[in-house]
Amino acid sequence: MTASPTTSPRALAWARRRQSFARSWAAYRAQRTGMVGLVLLGAIVILAVCAPVLIDESALSVTQATGGRMEPPSMEFPLGTDEVGRSVLALTLWGSRLSLLIGLTATVVAILIGTAVGVTSGHVGGAYGWFALRISDWFMVLPSLVVAIALLAVLGRSMGTTILVIALVSWSGTTRLVRAQTLTVQARPYLERARALGAGHWHQMTKHIIPNVLPLVLASATLLVPSAILMESSLAWLGLGDPNVVSWGSILNRASDNGAVSAHAWWYLLPPGLAILLVVLAFMMCGRALEAVFNPRLRGEQA
């Protein structure tokens, strides 16, 4: 790109970013599995956002339930009813909102922690870098589900504590990934020039290192979201979720506690289970496609 004398450096930077995004989007569209995952994920998100429009929240009320106990699917209740007569379709649609919210929020918190620790430990190094790496290693070897159960038992059951606990057991993998990429970026000539010109640590990290590790962080985030959703569902299924809200895991917990298996009420168990499977599959497909975009050597394998 050639710049006119009146073009500002900021405008040039944004033009380069737009060109880079266009190239990345073209490479992503070439990944068939990635596009299928994106369409599937978009449909799930639209259904979750539009749940209040499609089904009134009163359908979740125990006192206003109009169906019988574990009725099979019918015209009135397409996915049957639960143990108190509520529509399983309504529970599944409304449960998607909380499951996606917790999964996405916990991932954002984990990514922020992991990126901050990874960049600073890789860039600063020394005793701080060694200590941060040891803490990351310690969190990586701990059994995530067991630690999450213990923390929730101590902190109490709520949506906020669930997000915090999932983030605390999920950040270490991102730290290792970002730290390795930071060490690679630091060896590049333009960063040596920045140091020679007197750039401080903050300038080097924010202007040179973080922009170069962001694509890797984005690909990591898409693979971390399904893990967070599975973790939330597992904790809720074990009875450690917020009892005042509906999520896919809490639906499975109530179905198990109220004898859905012995009653052969497959319509009570299958919808939330399939929803978890589909959203995890969609995120995994998107994540693998993003990996192929940012690592050209994988494009032939992932297409």
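**Notes on the predicted model**

1. Let's start with T162, which sits in helix α7 (residues 159-168). Buried or exposed? T162 counts as buried, because its relative accessibility is 4% and the cut-off for buried is under 20%. Leaving aside residues up to four places away in sequence, T162 touches I102, L152 and E232.

2. Keep in mind that this is a predicted model. On confidence, the chain has a mean pLDDT of 85, and 94% of its residues reach 70 or more. The stretch I'd flag is residues 298-303, where pLDDT stays under 50. For that stretch the model has 13 contacts beyond four places in sequence.

3. Next, helix α5, residues 126-141. Does the length add up, and what should its 16 residues span? At 1.5 Å a residue the expected span is 22 Å, and the end C-alpha atoms of α5 are 23 Å apart, which agrees. The expected value uses one less than the number of residues.

4. Which residues of α5 are buried? They are G129, A132, L133 and S136. Looking down the axis of α5, these buried residues fall within an arc of 100°, so they line one face of the helix. What do they pack against? Their partners are α4 (88-124) and α8 (171-186).

5. Now turn α5 around. The face turned away from its buried side carries the exposed residues A127, W130, F131 and V141. So α5 has a buried side lining one face of the helix, with exposed residues on the face turned away from it.

6. Aromatics: the structure holds four aromatic pairs. W266 and W267 form one of them, an edge-to-face pair at 5.7 Å centre to centre with 80° between the planes. That counts as edge-to-face because the planes are over 60 degrees apart. As for burial, W266 counts as exposed, at 51% relative accessibility, because the cut-off for exposed is over 50%. W267, in contrast, is buried, with a relative accessible area of 9%.

7. Staying with the rings, W138, F139 and W171 are linked into a cluster by ring pairs. On the helix ranges, W138 and F139 belong to α5 (residues 126-141), while W171 belongs to α8 (171-186).

8. Last, the annotation. An unreviewed UniProt entry lists residues 96-287 as "domain: ABC transmembrane type-1". In the model, that span is 83% helix and 0% strand, and its end C-alpha atoms lie 20 Å apart. The annotation may be inferred rather than shown by experiment.

Terms used: Residues are numbered from 1 along each chain as its sequence is written. This is a predicted model: local features need pLDDT of at least 70, side-chain atom pairs count only at pLDDT 80 or more; totals for chains, interfaces and linings use all residues. Side-chain values use heavy atoms; hydrogens and water are left out. Rings of Phe, Tyr and Trp (its six-membered ring) pair if their centres lie within 6.5 Å; planes under 30 degrees apart count as stacked, over 60 as edge-to-face and the rest as tilted. Buried means under 20% relative accessible area, exposed over 50%, partly exposed in between (1.4 Å probe, protein chains only). Helices (H or I, at least four residues) and strands (E, at least two) are DSSP runs, numbered from the N terminus. The arc is that of the directions from the helix axis to the C-beta atoms. Contact means heavy atoms within 4.5 Å. pLDDT is the predictor's confidence in each residue, from 0 to 100.
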